[in-house]
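Please open the structure in your viewer and keep the selection tool ready. We will go from stop to stop, picking residues and looking at what is there.

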Amino acid sequence: YKGLADTEIKVGRQRIKLDNDRFIGNVGWRQMEMTYDAVLVTNKSLPNTSIKVGYINQAQTIISTVQAMQTPIVNIAYNIKGYGKLVGYTYLIDNNENHNKSNQTYGVSFHGKRKINENISALYRMEYAYQQDYEQNPNNYKVDYYHLIGGANVYGITAKAGMEQLGGTGKNQAFQTPLATAHAFNGWSDQFLATPKDGLRDVYALLSTKVQGVKLMGVYHDFSDDTGSMHYGKEWDFLAVKKFGKHYKLLAKYAYFNADSALSKFDTQNFWLQAGVSF
């Protein structure tokens, strides 16, 4: 419904993607993406500001199950012209079926790019969030989240270095993002869809460009616990995507996770070849 000025009200089953999908996303990489039975109100009446307020009643998951929940969400974004976007958010997840996934998260982020000249732009992201148990979660815990990125785009080549850290307690609970598009973070082999109890520190570097219409990307990850003293492993990820006309796309993707002994994980290789048609 768009009958109110600068406002959209959406009720029913829908796709919800907030910011970079780290906390609320649709997991669009999967063949069956995640959708939500929800109410979402978006208001843009204030200058350079987008306010999203919603309530999620159910999540329709990527494995064709339904997760009942009571989840109020608030996301307020302010665009600072020429520099980036400042975002504050609150997500209160009360999962009816798995109380360990119930948590309350409060965070703030600033991300964007700054044009230096016609051929060079600086890229950056700074984010902090705080999480603790919520409603019937039996675990009493308080943990932090950090994500820092610095990089540049130089003559069409993008280079970034970053560190993402999800805190752990060392016991039975860590910082979790159960409604995230988690495949986009911490390596494409999906070793860390759930954060280990000792937390996760992901130090990574990314290089991407386009050659003859083919998008190329390579990412290196180094994984450890949130103190950096317990090493989990390393991962190399590679991607090539080619679009043909307006409607067709071909993708090749590879991930290699080289495990250390700390988490009882195994060396893992994944390869995808995908053809897509959009219309």
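The tour below starts with strands and hairpins, then visits the cores, the surface and some salt bridges. Keep in mind throughout that this is a predicted model.

**Stop 1: the strands at the start of the chain**

Select residues 7-14, which are strand β1, and residues 35-43, which are strand β2. The two pair in the antiparallel sense, over 8 bridges. To find one place where they face each other, pick Glu-8: Thr-42 in β2 stands opposite.

Now add residues 49-60, strand β3, which pairs with β2 over 9 bridges, again in the antiparallel sense. Which residue of β3 is the bridge partner of Thr-35? Show Gln-60 and you have found the partner. Then move to the hairpin of β2 and β3, with 5 residues between the strands. Asn-48 in this hairpin takes a positive phi near 60°.

**Stop 2: two more hairpins**

Next, select residues 200-211 for strand β10 and residues 214-224 for strand β11. Here 11 bridges join the antiparallel pair, and Arg-201 has Ser-224 in β11 as its bridge partner. The hairpin they form has 2 residues between the strands.

Zoom in on Gln-212 in that turn, where phi is positive at about 55°. Most residues other than glycine have a negative phi, which makes this a good spot to pause. Is Gln-212 buried or exposed? Gln-212 counts as exposed because its relative accessibility is 74%.

Carry on to strand β12, residues 231-244, which pairs with β11 in the antiparallel sense over 11 bridges. Phe-223 meets its bridge partner, Gly-233, in β12. The hairpin of β11 and β12 has 6 residues between the strands, and Gly-228 takes a positive phi near 85° there.

For one more positive phi in a residue that is not a glycine, select Tyr-155, at about 50°. Look for Tyr-155 in the loop between β8 and β9. With 61% relative accessibility, Tyr-155 counts as exposed.

**Stop 3: inside the protein**

In soluble globular proteins, nonpolar side chains tend to be buried together. To look at such a group here, show Ile-16, Phe-23, Ile-24, Tyr-36, Ile-56 and Leu-179 as sticks. They belong to the largest nonpolar core, which has 31 residues, and they touch the most other members. Strands β2, β3, β4, β5, β8 and β13 each supply at least two residues of this core. Which strand gives the largest share? That is β5, with 4 residues.

Stay with Tyr-36 and display its neighbours. Leaving out residues up to four places away in sequence, Tyr-36 touches several residues, including Gly-12, Arg-13, Ile-16, Ile-24, Ile-56, Gln-58 and Leu-179.

Another core, of 8 residues, lies apart from the largest one. Select Trp-188, Leu-206, Val-219 and Leu-239, which are among its members.

**Stop 4: a nonpolar patch outside**

Switch to a surface view and colour Tyr-78, Ile-80, Tyr-83, Leu-86, Val-108, Tyr-128 and Tyr-146. Together they form a nonpolar patch on the surface, with about 600 Å² of accessible area. Tyr-128 sits in strand β7, residues 120-133. At 32% relative accessibility, Tyr-128 counts as partly exposed.

**Stop 5: salt bridges**

Side chains of opposite charge can pair when their charged atoms come close. The whole structure has 9 salt bridges, and we will visit three of them.

- Return to Glu-8 and add Lys-2: their side chains meet in a salt bridge, 3.7 Å from N to O. Glu-8 is partly exposed at 28% relative accessible area, whereas Lys-2 is exposed at 65%.
- Select Asp-190 and Arg-30, whose closest N and O atoms are 2.7 Å apart. Asp-190 lies in the loop between β9 and β10 and Arg-30 in the loop between β1 and β2, so this pair ties together parts that are 160 residues apart in sequence. Asp-190 is buried, at 18%, while Arg-30 counts as partly exposed, at 24%.
- Finish with Asp-198 and Lys-197, which form a salt bridge with 3.3 Å between the closest N and O atoms. Lys-197 counts as partly exposed, at 41% relative accessibility.

Key
Residues numbered from 1 in each chain as written. Predicted model: local features only at pLDDT ≥ 70, side-chain atom pairs only at ≥ 80, totals over all residues. Heavy atoms only, no water. Pairing = 2+ DSSP bridges. Patch = residues over 30% accessible without salt bridge, like charges linked within 9 Å, V, L, I, M, F, W, Y side chains within 5 Å. Areas by Shrake-Rupley, 256 points an atom, 1.4 Å probe, with all protein chains shown as cover. Salt bridge = Lys/Arg side-chain N within 4 Å of Asp/Glu carboxyl O. Buried < 20%, exposed > 50% of the residue type's maximum accessible area, 1.4 Å probe, protein only. Core = buried A, V, L, I, M, F, W, Y, C linked by side-chain atoms within 4.5 Å. Contact = heavy atoms within 4.5 Å.
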